[in-house]
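Me: Could you walk me through this structure with a few questions and answers? I'd like the reasoning along with each result.

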Number of protein chains: 2
Amino acid sequence: MSPSPGRPRRASQELLQEAAFELFQLRGYRRTSVEQIARTAGFSRATFFNFFSSKAELFWVETDALIDALSGFLAAELDREEPLGLRDALLEHAGGMRSAEIPWALQHYRLIEAADDLIASGASRVLGVNRLFADYLRRRDAGEGGEGGRAAIGGEARAAELTALLIVALRSWIDAGVERGRLRDHLERAFRTEAGL
Amino acid sequence: MSPSPGRPRRASQELLQEAAFELFQLRGYRRTSVEQIARTAGFSRATFFNFFSSKAELFWVETDALIDALSGFLAAELDREEPLGLRDALLEHAGGMRSAEIPWALQHYRLIEAADDLIASGASRVLGVNRLFADYLRRRDAGEGGEGGRAAIGGEARAAELTALLIVALRSWIDAGVERGRLRDHLERAFRTEAGL
DNA sequence: GTATTTACTAGACTCCGTCTAATAATATAG
DNA sequence: CTATATTATTAGACGGAGTCTAGTAAATAC
């Protein structure tokens, strides 16, 4: 509560996002300029860049929070004496996700392919999740009197596989519409492919 | 041989690429402007955009040719009475790839993450390959008195899985250095994960 | 009050991608 | 040989993204 010195904030990420999402719905992502977003929210273009490093970053705020939560869950899991397999860890943590928790960006994931900067920033998130998974497997297997080098390639492959399947499950879950229930069913269905063809 | 009317071409994709790759090596992708590329090759910025729709497209020309070849192989495979499974088709076609055939862009794939437009254009290629695989599975299974709807989700998952594993194999193959041999070994090692953990 | 600190803004800059209008170099028709 | 059609290349302007600097506004601290 102790008020800090200096001019108090008027702008916020939330205010800018509100304006932005409305404009995105109305005119599309590409035809909405940063200037328009900022002015609609009642601020200047320069202020926008005080809150987001790019137009695309505004799109991913809530999704990044989800990824951070997953990252935290996996880190905690690694601290247990018997960490779950990555697949089961995903089923336990992400599986419980409810429809209301889907961020605006994922709800409207079809917008992504229409803009290069959204594709780039989205791909960066996917690569980040992949790194997260690869680290988890590496550190989990290291803590199991592991084989070291040989398993490394397998670990990369396993991480990439689960990253891809997570995305497929997410997409199918979102496409299922408002009555979609929890993510778990779709995750299990995607993971079922693993047994190979 | 019949000479067509109009001013003859002086510029070409190859000339522009030569200049570009040299500059990329020298100063990095981001700090090389389209203007510099065009002037180094002896042309104007406007001419550059007559040959490439963007700076990033120049990067992917040879890689796109590889993807087209794979696409052709899969299409031909679907015309046979007993098309291979996707996994075996990849082993047969891509597995035979030799070190000398690696395009400049893939050889230098680490450049990609340094520039947003390369990430975006690279991700578009990955999504394209994924669509290619999903189509293959869909059409192959349709031609086998298929089950229709149920298999669709599994097909998407299987396609995403194999796309991810192909990329892991490619990366490990390229990282293996000049004595890397054929792609097949790395593909097999990546596919071995499928059996599940 | 004045000084300090922080939030916001105006404006300039580079680069990308798009577009239009102009010029240059060739083939062909007469 | 000249005129015309056709195609390649160019100059130049534009809007938008992202970067940067210098300045103004609104609060606290003294």
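Me: How many helices and how many strands does chain A have?
Reply: Happy to start there, keeping in mind that this is a predicted model. Read from the N terminus, the elements of chain A run α-α-α-α-α-α-α-α-α. The count for chain A is therefore nine helices and zero strands.

Me: What share of the residues in chain A is buried?
Reply: The C-alpha atoms of chain A fill a box of roughly 55 × 40 × 30 Å along the principal axes. A residue is called buried when its relative accessible area is under 20%. Of the 197 residues in chain A, the buried share is 44%.

Me: Which C-alpha of chain A is nearest the axis that relates chain A to chain B?
Reply: A turn of 180° with a shift of 0.0 Å along the axis lays chain A on chain B, at an RMSD of 0.0 Å. That is the relation of a two-fold axis. At 2.0 Å from this axis, the nearest C-alpha in chain A belongs to A:A120.

Me: Which helix of chain A gives the largest share of the negative patch?
Reply: Good one! The negative surface patch is made up of A:E14, A:E18, A:E22 and A:E62. A:E62 sits in helix α4, residues 55-79. Three residues of the patch come from residues 13-27, and this largest share belongs to helix α1.

Me: Why can A:E62 count towards a surface patch?
Reply: Patch residues need over 30% relative accessible area and no salt bridge. A:E62 is partly exposed, so it passes the area cut-off with a relative accessible area of 31%.

Methods. Residues numbered from 1 in each chain as written. Chains lettered and ligands numbered in written order. Predicted model: local features only at pLDDT ≥ 70, side-chain atom pairs only at ≥ 80, totals over all residues. Heavy atoms only, no water. Patch = residues over 30% accessible without salt bridge, like charges linked within 9 Å, V, L, I, M, F, W, Y side chains within 5 Å. Areas by Shrake-Rupley, 256 points an atom, 1.4 Å probe, with all protein chains shown as cover. Salt bridge = Lys/Arg side-chain N within 4 Å of Asp/Glu carboxyl O. Lys, Arg positive; Asp, Glu negative; His and termini not counted. Charge placed at Lys NZ, Arg CZ, Asp CG, Glu CD. Helix = DSSP H or I, 4+ residues; strand = E, 2+ residues; numbered from the N terminus. Buried < 20%, exposed > 50% of the residue type's maximum accessible area, 1.4 Å probe, protein only. Least-squares fit on C-alpha atoms with pLDDT ≥ 70 in both.
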